[in-house]
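The following exercises concern the architecture of a two-chain model. Each task is followed by a solution worked step by step.

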Amino acid sequence: MGAGQSKGKITAQDKAILDMKVQRDKLKLYQRRVQVVLDREDSLARELLLKGDKRRALLALRRRKYQEQMIRTTDEQLFNLQRLMETIEFSLVQKDIIFGLEQGSRVLTQLNREMRIEDVERLADDTAEAIAYQDEVSAILQSNMSTEDEEAVLAELEELERQEADRLQLGLPHAPKGALPEHEAVDDVAETEDEEEAELNAGEDREQPERSRNEPMLA
Amino acid sequence: MTSPGSATPFQFPEIYSFPPFFTRQPNESTWREQRRQWCELILAYYRHYRLYSISLTEPAREPPFANRQVSRVLPADALREVVDELVKQGNAVWTGAKNTKDACLVLWRKPDVWASMIHQWASERGLLSTVLTVFELTSGDDTVGQEFHDLDAATMRRALDVLQSQGKAQLFAGSSDEDLGVKLFA
């Protein structure tokens with residue numbers, strides 16, 4: 001029940017709760033026993049009254065009254081015990097919640113610490129210090145990540161690289177796919193590509209060569 | 001199922017009034033069939049009246065092992081063979097001291113079935129991972145109406161042992177060893 005407890009572990013708390021519940025069981029058993037006696041006393045009183053033995057009938061009724069009182073007393077005790085148990089179990093739940101809250105706030109502060117604007121800007125920086133920082137960040141993130149997360153990130157990186165490569169490829173001649181086409185067809189393709197290249201160069205100007213230089217770094 | 005200590009009398013099969021049913025048939029294949037019917041009868045009878053044990057120390061005098069109408073009693077040796085068969089099916093275990101075949105526990109419902117009933121009840125009530133007493137399971141007010149209410153202690157223990165071996169329960173004792181508690185897990 002306690003927070004962070006491994007499955008199947010029995011703590012001293014559990015044993016204490018068990019002891020209380022055993023007490024409760026004993027009280028219940030006792031009540032049941034008294035109830036049986038009480039019922040017998042009742043029928044006995046009736047029988048005695050029928051026989052005309054008023055004195056003993058009265059005695060039986062007195063005893064019955066006494067037993068009823070006993071049951072009431074045990075009822076109160078049972079109620080107290082039950083309430084105590086519920087309080088304990090509820091505080092165990094609360095303990096779990098507090099533990100959860102603590103963890104949440106720890107994660108939150110950690111996130112806040114890592115989310116400073118300067119740091120984000122530094123990520124885009126190219127100095128040696130910034131590169132060291134990037135390595136540090138990625139090491140921390142990696143150690144906090146599950147293998148699935150890591151795989152997802154790698155897949156995302158691959159996807160980004162592919163997209164980037166596609167964009168670059170628009171400016172490069174296509175690698176031949178499948179069988180070599182007829183000469184005429186090749187000329188056609190070359191022509192359209194030249195046009196595309198011209199367009200791209202016009203639109204993006206000097207960015208193009210720079211990106212091709214950066215490309216190996218991404219790989 | 002009907003409530004414990006069922007008010008409706010048990011409907012005996014016809015063969016119960018057939019005197020040779022109480023004599024071990026010498027022919028092996030006839031005996032096999034006879035033994036099968038005895039197994040069925042015992043399981044059905046014990047389930048109906050929610051009985052749990054057979055004592056073989058004294059000659060049987062009560063149904064289903066005896067039938068006063070036809071003045072027949074199944075002899076202890078034949079009964080032992082029947083129980084052996086039940087044990088083989090997993091519907092009984094010998095419980096006599098030092099492995100003597102003097103007493104047996106009849107499992108008209110196998111412990112793993114009881115186990116899953118108990119587990120389902122606990123998870124429906126949100127009682128997983130809380131401390132429960134074994135007494136609470138068999139005799140508590142919360143299990144009234146459950147099939148395992150009033151289950152005999154030995155059978156209950158077997159069911160809990162099944163859950164424990166599946167990693168779904170942990171039995172433990174408090175300050176006294178008699179009153180066991182159990183925690184059930186998802």
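**Exercise 1.** Determine how many residues of helix H5 (residues 147–169) of chain A are buried, and state what follows for its surroundings.

*Solution.* The model is a predicted one. A residue counts as buried if 20 or more other C-beta atoms lie within 10 Å of its own. Of the 23 residues of H5(A), the number that meets this criterion is zero, so the helix lies largely in the open. Its length can be checked as well: at 1.5 Å a residue, H5(A) should span 33 Å, and its end C-alpha atoms are 32 Å apart, which agrees.

**Exercise 2.** Describe the secondary structure of chain A and the share of its residues that count as buried.

*Solution.* Chain A has seven helices and zero strands, so written from the N terminus its elements read α-α-α-α-α-α-α, given that helices and strands are DSSP runs. Of its 219 residues, 5% count as buried. Among the contacts of chain A with a separation of 6 or more, 63% are between residues 24 or more positions apart.

**Exercise 3.** Locate A:Thr74 and classify it as buried, partly exposed or exposed.

*Solution.* A:Thr74 is found in helix H2 (residues 54–114) of chain A. Between the limit for exposed, 12 or fewer neighbours, and that for buried, 20 or more, a residue is partly exposed. A:Thr74 has 17 C-beta neighbours inside 10 Å and therefore counts as partly exposed. Neighbours within four places in sequence are then set aside, which leaves A:Leu27, A:Tyr30 and A:Gln31 in contact with A:Thr74. The C-alpha atom of A:Lys28, 46 residues away along the chain, is separated from that of A:Thr74 by 8.2 Å.

**Exercise 4.** Characterise the side of chain A that touches chain B.

*Solution.* Contacts join 13 residues of chain A to 15 residues of chain B. On the side of chain A, the largest share, eight residues, comes from helix H1 (residues 12–51) of that chain. Sorted by class, this side of chain A has five nonpolar, one polar and seven charged residues.

**Exercise 5.** Describe the order of elements in chain B and the share of its residues that count as buried.

*Solution.* Chain B has five helices and eight strands. From the N terminus on, they run α-β-β-β-α-β-β-α-β-α-α-β-β. Of the 186 residues of chain B, 25% count as buried. Among its contacts between residues at least 6 apart in sequence, 56% join residues at least 24 apart.

**Exercise 6.** Establish where the buried residues of helix H1 (residues 28–48) of chain B lie around its axis, and what they pack against.

*Solution.* H1(B) has 21 residues and reaches 30 Å from its first C-alpha to its last, close to the 30 Å expected. Its buried residues include B:Gln34, B:Trp38, B:Leu41, B:Ile42, B:Tyr45 and B:Tyr46. Seen down the axis, the buried residues fall within an arc of 115°, so they line one face of H1(B). On the other side of this helix, B:Ser29, B:Arg32, B:Glu33 and B:Glu40 are exposed. The buried residues pack against helix H2 (76–89) and S5 of chain B. After H1(B) comes B:Arg50, whose phi is positive, near 50°.

**Exercise 7.** Determine the relative orientation of H1(B) and H2(B), and identify the residues in contact.

*Solution.* The axes of H1(B) and H2(B) come within 9 Å and cross at roughly 75°. Angles from 65 to 115 degrees count as roughly perpendicular, so H1(B) is roughly perpendicular to H2(B). H1(B) contributes B:Arg35, B:Trp38, B:Cys39 and B:Ile42 to the contact, and H2(B) contributes B:Glu81, B:Val82, B:Glu85 and B:Leu86. By class, this contact has five nonpolar, no polar and three charged residues.

**Exercise 8.** Carry out the analysis for H3(B) and helix H5 (residues 153–165) of chain B.

*Solution.* The axes of H3(B) and H5(B) come within 8 Å and cross at roughly 75°, which makes H3(B) roughly perpendicular to H5(B). From H3(B), B:Pro111, B:Asp112, B:Trp114, B:Ala115, B:Ile118 and B:His119 meet B:Thr155, B:Arg158, B:Ala159, B:Val162 and B:Leu163 of H5(B). The contact of H3(B) with H5(B) has seven nonpolar, two polar and two charged residues.

Conventions
Residues are numbered from 1 along each chain as its sequence is written. Chains are lettered from A and ligands numbered from 1 in the order in which they are written. This is a predicted model: local features need pLDDT of at least 70, side-chain atom pairs count only at pLDDT 80 or more; totals for chains, interfaces and linings use all residues. Two residues are in contact if their C-beta atoms, placed from the backbone, lie within 7 Å. Helices (H or I, at least four residues) and strands (E, at least two) are DSSP runs, numbered from the N terminus. Ala, Val, Leu, Ile, Met, Phe, Trp, Tyr, Cys and Pro count as nonpolar, Asp, Glu, Lys and Arg as charged, and the others, Gly among them, as polar. The expected span of a helix is 1.5 Å times one less than its number of residues. The arc is that of the directions from the helix axis to the C-beta atoms. Axes are lines fitted to C-alpha atoms, for helices over the stretch in contact, and angles run from 0 to 180 degrees between N-to-C directions. Angles under 35 degrees count as roughly parallel, over 145 as roughly antiparallel, 65 to 115 as roughly perpendicular and the rest as oblique.
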